[in-house]
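I am keeping these notes while I look through a structure that is new to me. I want to go element by element and write down what I find at each stop.

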Amino acid sequence: MRGTPAGSAASKPQAAPGPEERSLSVRQLVADGAAQPVMERVRREPPGRGELRVRAEWSLVSPGTELHYLDRSARTGERFPLGYCSAGVVDAVGPQAPGFAPGDRVIAMGWGEAVHSEAVTVPYRLCRRVPHDLDLADAVVAGLAATAVHAVDRAVLEPDDEVVVVGAGMVGQLVAQTAAARGVPVTLIDLRPERLRTAAALGLAAADGDHFRAAEAHPAPAAGGRCVFLCGTGDAGGVIAAAARWAGRAPGRPRLVGVGRFAAHIDFSVELGNLDIRYAARCGAGYRDAAYARGLRDVTAPPGEGTVTENLQRALDLIDIGAVRPRAMNLPRLPLERAAEAYAGLRERPAHPAVLLHYGPHEGSATS
């Protein structure tokens, strides 16, 4: 028998690579030229500088954004990894990603990063640790709730203000709860009454699509301003005109804040009256800024607003204290294997505003 010389490199046992040295073979969802998502297997590499790798337990389907990109992919043939809100357990920590360790329960967000996948690699500033007593299925909603936090900041609400949120989809329900947490009265309205069934459980008043027209028959408030958040889709010209009239009847400052994807024609004239119009895009300063997200540079949010990292934390805090109630929103929970069914159902505009995808025992295999 041929032996190996003692003390040679070949005779020494090789240490198994740690998580920070292994790549993973995992499943993820992509838009690939069809109206429904496709499941594919990809290699998830170890985290780089300023990154975490997270073994997902839950992800949130954001219908407005994701159906938009599925439709775009079907038209153009472009490919997009789907999803941007994930929650799970840190598997590996890259260099210069302070504040995190393997085993941490976290939320993660980021388009093209916190995708619908069994494992995701995400910049650390787009992750936040989840309190030990908070269910990850509730915590994952914070990724989209950060958009609501940013929108409410943009509205500059005052204590005497009155708020109406148009559109009881996922973003609308989160905006309404976030505004209500500021202590102002909030009414959630939608043309479809089935979308309003959860309003009472969320601590919100609800009204149908005739709310603005009915309001014109009642006296204006004695103090304070009015703010309307537009969280719908499609043609919003008529809604904006009615909202402007309703907001303009209050003695305080009238505001419209756009949050969704919609189109509208507005006739600007003196008849419109004084009106502040703002749009709230995404979820705070530093989002989609790769250098900021990985800690390579800092950003400063405008006065009264926050960075994406701060807004993620604020959204998570609102869920933790019960001001935002994901469970009361009646979001269906489906395994990743039923993702196509979930998206097909969301195209029918069901009563539930979104879907949670669950990742069971991890099938991803590790390789060196």
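I began at a single pairing in the strands: A206 in β11 is the bridge partner of L188. I keep in mind throughout that this is a predicted model.

**Entry 1, the strands around β10.** I looked up how β10 and β11 (residues 205–207) are joined, and found that they run parallel and are linked by 3 bridges. On pairing with β9 (residues 162–166), I noted that β10 takes part in the parallel sense, here over 4 bridges, and that V163 stands opposite V186 in β10. I then followed the chain from β9 through helix α4 (residues 170–180) to β10 and recorded a right-handed β-α-β unit. Are the two faces of β10 (residues 186–189) covered or uncovered? Both are covered, since V186 and L188 on one side are buried, as are T187 and I189 on the other.

**Entry 2, V163 and the cores.** I listed what V163 touches beyond four places in sequence, and the list includes V186 and T187 as well as L157, A179, C227, F229 and W246. I next turned to the largest nonpolar core, which has 95 residues, and saw V163 among those with the most contacts inside it, together with L60, V165, M170, L174, F229 and L357. The largest share of this core, 9 residues, is supplied by α3. I also noted a second, separate core of 17 residues, with V166, V228, A236 and A242 among its members.

**Entry 3, helix α3.** I checked the helix at residues 142–155, whose 14 residues reach 20 Å from the first C-alpha to the last, close to the 20 Å expected at 1.5 Å a residue. How many of the residues of α3 are buried? I found 13 of the 14 buried, so I wrote the helix down as mostly covered. Just after α3, I noticed that V156 takes a positive phi of about 50 degrees.

**Entry 4, helix α8.** I made the same kind of check on residues 308–320, where 13 residues reach 18 Å between the first and last C-alpha, close to the 18 Å expected. Within α8, I marked V308, T309, N311, L312, A315, L316, L318 and I319 as buried, and I found that what covers them includes β6 (105–109), β8 (127–129), α2 (136–139), α3, α4 and α7 (290–293). After α8 comes G322, whose phi is positive, near 85 degrees.

**Entry 5, H116.** I located H116 in the loop between β6 and β7 (119–123). Why does H116 count as buried? I put it down to its relative accessibility, because that value is 0%, and buried means under 20%. The side chains of H116 and Y343 are joined by a polar contact of 3.2 Å, and, leaving aside neighbours within four places in sequence, H116 is in contact with residues including R27, Q28, S59, L60, E66, L82, L357 and Y359.

**Entry 6, two loop residues with positive phi.** I found N330 in the loop between α8 and β17 (333–335), with a phi near 55 degrees, a positive value in a residue other than glycine. N330 counts as exposed because its relative accessibility is 53%, and the cut-off for exposed is over 50%. R349 is in the loop between α9 (339–347) and β18 (355–358), and its phi is near 50 degrees, also positive in a residue other than glycine. With a relative accessible area of 41%, R349 is partly exposed.

Notes:
Residues are numbered from 1 along each chain as its sequence is written. This is a predicted model: local features need pLDDT of at least 70, side-chain atom pairs count only at pLDDT 80 or more; totals for chains, interfaces and linings use all residues. Side-chain values use heavy atoms; hydrogens and water are left out. The expected span of a helix is 1.5 Å times one less than its number of residues. Buried means under 20% relative accessible area, exposed over 50%, partly exposed in between (1.4 Å probe, protein chains only). Two strands pair if DSSP finds at least two bridges between them. A crossover is right-handed if, with the strands pointing away from the viewer, the path from the first strand over the helix to the second runs clockwise. A nonpolar core is a set of buried Ala, Val, Leu, Ile, Met, Phe, Trp, Tyr and Cys residues joined through side-chain atoms within 4.5 Å. Contact means heavy atoms within 4.5 Å. A polar contact is a pair of N or O atoms within 3.5 Å; within protein, one must be able to donate a hydrogen and the other to accept it, and residues adjacent in sequence count only if both atoms are side-chain atoms.
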